[in-house]
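Trainee: Got a minute to go through a model with me? I'd like to start with the overall layout and then move to the side chains.
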Amino acid sequence: MPDRQQQLLDDARLNDATPPGPTFFALGREFTRLRRDTPWLQELPFDPVRYALRYQANV
């Protein structure tokens with residue numbers, strides 16, 4: 001998790017606020033890391049995954 005995102009999460013927890021959701025870029029980085037280590041994910045086309053990540057980041 002990037003330092004800025006971790007700081008926002010920590011601040012929200014300290015103030016009993018709703019923590020921010022993950023960003024599209026953070027989700028993309030994690031998916032790329034996971035995809036490198038998981039053979040069946042490498043077989044998926046990337047465009048539908050990108051759409052799902054973008055949707056999840058905006059929910």
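Trainee: How many helices and strands are there in the protein?
Mentor: There are 4 helices and 0 strands, in the order α-α-α-α along the sequence. Helices (H or I, at least four residues) and strands (E, at least two) are DSSP runs, numbered from the N terminus.
Trainee: Any ground rules before the details?
Mentor: The model is predicted, so local features need pLDDT of at least 70 and side-chain atom pairs count only at pLDDT 80 or more, while totals for chains, interfaces and linings use all residues. Residues are numbered from 1 along each chain as its sequence is written, and side-chain values use heavy atoms, with hydrogens and water left out.
Trainee: What share of the residues counts as buried?
Mentor: 22% of the 59 residues. Buried means under 20% relative accessible area, exposed over 50%, and partly exposed in between (1.4 Å probe, protein chains only).
Trainee: Which residues make up the largest nonpolar core?
Mentor: Six positions are listed: Leu-27, Phe-31, Leu-41, Val-49, Leu-53 and Ala-57. Both α2 (24-37) and α4 (46-58) supply at least two residues each, and α4 gives the most, with 3. A nonpolar core here is a set of buried Ala, Val, Leu, Ile, Met, Phe, Trp, Tyr and Cys residues joined through side-chain atoms within 4.5 Å.
Trainee: What does Leu-41 touch?
Mentor: Phe-31, Leu-34 and Arg-35, not counting residues up to four places away in sequence. Contact means heavy atoms within 4.5 Å.
Trainee: Where is Arg-35 found, and is it buried or exposed?
Mentor: Arg-35 is in helix α2 and is buried, yet has no salt bridge. The nearest side chain of opposite charge is Asp-47, 8.8 Å away. For charge, Lys and Arg count as positive and Asp and Glu as negative; His and the chain ends are not counted.
Trainee: Then what is Arg-35 in contact with?
Mentor: Leaving aside neighbours within four places in sequence, Arg-35 contacts Leu-41, Gln-42, Leu-44 and Phe-46.
Trainee: How many salt bridges does the whole structure hold?
Mentor: The search finds 2, a salt bridge being a side-chain nitrogen of Lys or Arg within 4 Å of a carboxyl oxygen of Asp or Glu. Arg-33 pairs with Glu-30, with the closest N and O atoms 2.9 Å apart. Arg-50 pairs with Asp-47 at 3.4 Å, N to O.
Trainee: How far apart in sequence are Arg-50 and Asp-47?
Mentor: They are 3 residues apart in helix α4, about one turn of the helix. Arg-33 and Glu-30 are also 3 residues apart, in helix α2. Asp-47 is exposed at 55% relative accessible area, and Arg-50 is partly exposed at 34%.
Trainee: Switching to rings: how many aromatic pairs are there?
Mentor: The structure holds 2. Rings of Phe, Tyr and Trp (its six-membered ring) pair if their centres lie within 6.5 Å; planes under 30 degrees apart count as stacked, over 60 as edge-to-face and the rest as tilted. Phe-24 and Phe-25 are edge-to-face, 5.6 Å centre to centre with 65 degrees between the planes. Phe-31 and Phe-46 are tilted, at 6.3 Å and 40 degrees.
Trainee: Which helices hold Phe-31 and Phe-46?
Mentor: Phe-31 lies in α2 and Phe-46 in α4, so the pair ties together parts that are 15 residues apart in sequence. Phe-31 is buried at 11% relative accessibility, whereas Phe-46 is partly exposed at 32%.
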